[in-house]
Amino acid sequence: MKAHFLRRITRRDFLKYTADLCFKLGLSSIFLYSCKPDASITETPTPVKKSSMDRTPTPTKKPSIDVTTTPVRTPGITGSDFEPAYVKLHRTGELKERAEELWAIMESCQLCPRRCGVNRLEGKSGFCGAPGATLVVAAAHPHFGEERPLVGNGGSGTIFLTHCNLRCVFCQNWEISQLGRGIKRTSDELAGMMLGLQEIGCHNINLVTPTHYSALILKALDIAAATGLRLPIVYNTSGWERLEILKLLDGIVDIYLPDFKYWDSDMSAKYSSGADSYPEITREAILEMHRQVGVAKPTEDGIMQRGLMIRHLVMPNNTGGSEKIMEWIAENLPEDTYVNIMAQYNPVHKAYDYPEISRRITGEEYEEVVKRAIELGLTNLDIQGYWWLQR
Ligand code: SF4
């Protein structure tokens with residue numbers, strides 16, 4: 001009886017059981033850090049050009065199944081016909097080429113609007129603080145606090161990337177984004193994390209603050225796609241993205257999840273380390289994201305697989321220019337554009353140095369923004385902030 005029971009435990013059951021146990025013990029990130037690409041069901045991964053700092057050996061195990069033709073069972077995906085955008089580009093080899101194009105840009109880094117021009121391939125760091133061409137990851141685990149269509153039952157497979165090019169004074173993740181908390185990882189290891197999140201039933205791969213690591217992410221994605229990754233990619237960004245870089249992500253990202261933080265360039269310069277171009281660049285970036293992926297529409301099960309999901313954090317004393325932002329969205333994007341009006345502003349990090357943003361928002365401040373968005377005809381609003389304010 002006992003032997004029969006043991007034979008029925010599949011690898012997936014084992015991973016799920018281990019993950020549950022790890023979460024109960026608060027060790028979810030450790031569990032996922034230890035996940036590696038499963039070569040037992042793969043074709044040979046596309047060889048990746050090595051950087052001097054990428055020391056993980058290229059996997060060489062022979063494939064037993066050709067994943068380019070064999071359907072891959074994906075626990076987090078309910079619709080069997082879904083195929084994420086990047087799989088096609090992986091098959092044609094273009095995903096690898098795009099990764100190499102982004103990689104070359106790091107030689108005089110222009111990956112974000114700071115355009116530092118430092119040679120990251122020689123290990124130099126620019127404003128964001130990323131250590132050369134090396135990836136740093138703070139955590140990877142199923143996240144149940146993201147937007148409901150991303151969370152579903154299995155959670156959003158969130159990977160928190162260390163460092164940031166904006167460095168907002170009120171950043172709630174400042175230890176990760178500004179102090180650099182995290183562990184150096186290779187693209188192979190990042191691919192392993194993606195596959196681990198898929199294995200335990202997450203609905204997507206949610207890359208938080210990906211901009212300065214875009215080249216390494218695409219390398220990892222190419223490896224993971226060869227190894228059976230079939231979850232949609234969520235590009236969870238500040239919104240401050242160069243058009244030229246976004247065009248290289250066309251056909252790779254399934255869901256864009258940009259912030260739209262500020263309307264006024266004086267505000268973005270003051271609270272986000274001199275980034276006075278934030279409003280203008282973010283407006284252009286959001287239009288490009290919409291052109292690429294369109295309006296976000298969930299499946300019948302309520303899970304989002306593709307589209308644009310905008311986040312706007314309401315700040316005290318209308319610091320972000322919330323109503324102007326709603327007006328711009330209503331004038332420039334379809335009325336059913338997904339807009340999450342967020343109420344969870346919390347004065348952390350250096351926010352107490354600025355009296356006007358040193359408190360949480362009031363219910364009235366939140367309500368005014370929601371009312372204006374409704375008046376403007378926006379029909380796809382996520383207004384969970386009411387719940388947040390009652391906590
Ligand atoms: S990604 Fe970092 S190094 Fe590159 S331009 Fe932006 S801030 Fe500078």
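## Ligand surroundings

The shell around the ligand comprises 8 nonpolar, 4 polar and 2 charged residues. In this predicted model, 14 residues surround the ligand. The closest of these are Cys109, Cys112, Cys116, Gly126 and Cys128.

## Strand S7 and its partners

Strand S7 spans residues 307–313, and 7 of its 7 residues are buried. Both faces of the strand are covered. On one side lie Gly307, Met309, Arg311 and Leu313, and on the other lie Leu308, Ile310 and His312, all of them buried. The charged side chain of Arg311 therefore belongs to a residue that counts as buried, with 20 or more other C-beta atoms within 10 Å of its own.

S7 pairs with two strands described here. With S6 (255–258), the pairing is parallel and runs over 2 bridges; Tyr256 has Leu308 of S7 as its bridge partner. With strand S8 (residues 338–342), the pairing is also parallel and runs over 5 bridges; the bridge partner of Met309 in S8 is Tyr338. Between S7 and S8 the chain passes through helix H13 (residues 322–332), and this β-α-β crossover is right-handed.

## Helix H12

Helix H12 covers residues 278–293, 16 residues in total. From its first C-alpha to its last, H12 reaches 22 Å, close to the 22 Å expected at 1.5 Å a residue. Immediately after the helix, Gly294 adopts a positive phi of about 75°.

The buried residues of H12 are Tyr278, Pro279, Thr282, Ala285, Ile286, Glu288, Met289, Gln292 and Val293. Among the elements that cover them are two helices, H10 (243–248) and H11 (265–271), and two strands, S6 (255–258) and S7 (307–313). S7 thus appears twice in this description: as a cover for the buried residues of H12 and as a parallel partner of S6.

## Lys184 in strand S3

Lys184 is located in strand S3 (residues 183–185). The residue counts as partly exposed because 14 other C-beta atoms lie within 10 Å, a number between the limit of 12 or fewer for an exposed residue and that of 20 or more for a buried one.

Beyond its neighbours within four places in sequence, Lys184 is in contact with Thr134, Leu135 and Val136. Thr134 stands 50 residues from Lys184 along the chain, and the C-alpha atoms of these two residues are separated by 6.8 Å.

Terms used:
Residues numbered from 1 in each chain as written. Predicted model: local features only at pLDDT ≥ 70, side-chain atom pairs only at ≥ 80, totals over all residues. Near = placed C-beta within 6 Å. Nonpolar A, V, L, I, M, F, W, Y, C, P; charged D, E, K, R; others polar. Helix = DSSP H or I, 4+ residues; strand = E, 2+ residues; numbered from the N terminus. Expected span 1.5 Å × (residues − 1). Contact = placed C-beta atoms within 7 Å. Pairing = 2+ DSSP bridges. Right-handed = clockwise from strand over helix to strand, strands pointing away.
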